[in-house]
Amino acid sequence: MAPRYRVTLTKEERSYLKEISTKGKRAARTVLYARALLLLDAGEHGPKWLVSKVGEALGTTPRSLEHLKKRFVEEGLPAALERKKRVKPPREIKYGGEFEAQLLALACSEAPEGRKRWTIRLLAEKMVELEIVDTVSPMTVCNTLKKMNLNLI
């Protein structure tokens, strides 16, 4: 069985959580977690509710409440209320505005010799041939043109 964690709040923490759950504008998740911690408090000032009853009252699962208790005990009150900070940074944009502008200019130019119009595959190959980008898939070109609301026909 998974280890059980016991939430015991001090008077200051209880007053802070009451303030969070009743005053001001905050994220719904923060208010929900503050209310859950208040109900799960097993200290001398807490109501000592069971996890299953708190889950029913707040509309959450007992598992998420166990995770909340674990975060509170191991990392503290701020970590329990706030979302975890992102460890891995977001990916950088590979095909940004400059790529879109050059693709648009190419798509609006004259079609290659022997063709009536540009195709997605031809545009992708020409972008690589002109060394605008190292590699690009036809789907990337297609999605970019679709995003810019450009139709090749």
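**Entry 1: a bridge between two helices**

I started with Lys147, which makes a salt bridge to Glu100 with the closest N and O atoms 2.5 Å apart. This is a predicted model, so I read each value here as computed. The two partners sit in distant parts of the chain: Lys147 belongs to helix α8 and Glu100 to helix α6, 47 residues apart.

Next I looked up the accessibility on each side. Lys147 has a relative accessible area of 60%, over the 50% cut-off, so Lys147 is exposed. Glu100 comes out at 17%, and because buried means under 20%, Glu100 counts as buried.

**Entry 2: around Thr144**

I stayed in helix α8 and moved to Thr144. Is Thr144 buried or exposed? Its relative accessibility is 9%, so Thr144 is buried. Leaving out residues up to four places away in sequence, I found Thr144 touching Phe99, Glu100 and Leu103. Glu100 is thus on my list twice, as a contact of Thr144 and as the salt-bridge partner of Lys147.

**Entry 3: the aromatic pair**

Phe99 made me look for rings. How many aromatic pairs does the structure hold? I found one. Its members are Tyr95 and Phe99, with ring centres 4.8 Å apart and planes at 45 degrees, so I noted the pair as tilted. The angle falls between the 30 degree limit for stacked and the 60 degree limit for edge-to-face, which is why the label is neither of those. Phe99 has 5% relative accessibility, so I put Phe99 down as buried.

**Entry 4: helix α7 and what follows**

I then went to helix α7, residues 120-129. Which of its residues are buried? My list reads Leu122, Leu123, Ala124 and Met127. The cover over these buried residues includes α6 (97-108) and α8 (138-147), the two helices that Glu100 and Lys147 link.

Helix α7 also has a salt bridge of its own, between the side chains of Glu129 and Lys126, at 3.4 Å from N to O. These two are three residues apart within the helix, about one turn. I have Glu129 as exposed, because its relative accessibility is 56%. Lys126, at 26%, is partly exposed.

Elsewhere, shared partners join the salt bridges of Arg4, Glu66 and Lys69 into one network.

After α7 comes Glu131, with a positive phi near 60 degrees. I flagged Glu131 since it is not a glycine. A reminder to myself: most residues other than glycine have a negative phi. Glu131 is placed in the loop between α7 and α8, and its relative accessible area of 71% makes it exposed.

**Entry 5: a second positive phi**

Lys48 is another residue that is not a glycine and has a positive phi, about 60 degrees. Where does Lys48 sit? I located Lys48 in the loop between α2 and α3. At 49% relative accessibility it falls under the 50% cut-off for exposed, so Lys48 counts as partly exposed.

**Entry 6: a buried salt bridge from that loop**

The loop between α2 and α3 also holds Asp41, which pairs with Arg14 in helix α1 (residues 11-22), 27 residues away. I read 3.0 Å between the closest N and O atoms of this Asp41 and Arg14 salt bridge. Are the partners buried or exposed? Both Asp41 and Arg14 are buried. For the whole structure, my search returned five salt bridges.

**Entry 7: α2 against α3**

Last, I checked the helices on either side of that loop. Two packed helices are described by the angle between their axes and the distance between the axes. For helix α2 (residues 28-40) and helix α3 (residues 51-58), the axes come within 10 Å and cross at roughly 145 degrees. I noted the crossing of α2 past α3 as right-handed.

Which residues meet there? From α2 I have Leu32, Arg35, Ala36, Leu39 and Leu40, and from α3 Val51, Val54 and Leu58. Sorted by class, this contact has seven nonpolar residues, no polar ones and one charged. The charged one is Arg35, because Arg belongs to the charged class.

Methods
Residues are numbered from 1 along each chain as its sequence is written. This is a predicted model: local features need pLDDT of at least 70, side-chain atom pairs count only at pLDDT 80 or more; totals for chains, interfaces and linings use all residues. Side-chain values use heavy atoms; hydrogens and water are left out. Axes are lines fitted to C-alpha atoms, for helices over the stretch in contact, and angles run from 0 to 180 degrees between N-to-C directions. Helices (H or I, at least four residues) and strands (E, at least two) are DSSP runs, numbered from the N terminus. A crossing is left-handed if the near helix is turned anticlockwise from the far one by less than a right angle, and right-handed if clockwise. Contact means heavy atoms within 4.5 Å. Rings of Phe, Tyr and Trp (its six-membered ring) pair if their centres lie within 6.5 Å; planes under 30 degrees apart count as stacked, over 60 as edge-to-face and the rest as tilted. Buried means under 20% relative accessible area, exposed over 50%, partly exposed in between (1.4 Å probe, protein chains only). A salt bridge is a side-chain nitrogen of Lys or Arg within 4 Å of a carboxyl oxygen of Asp or Glu.
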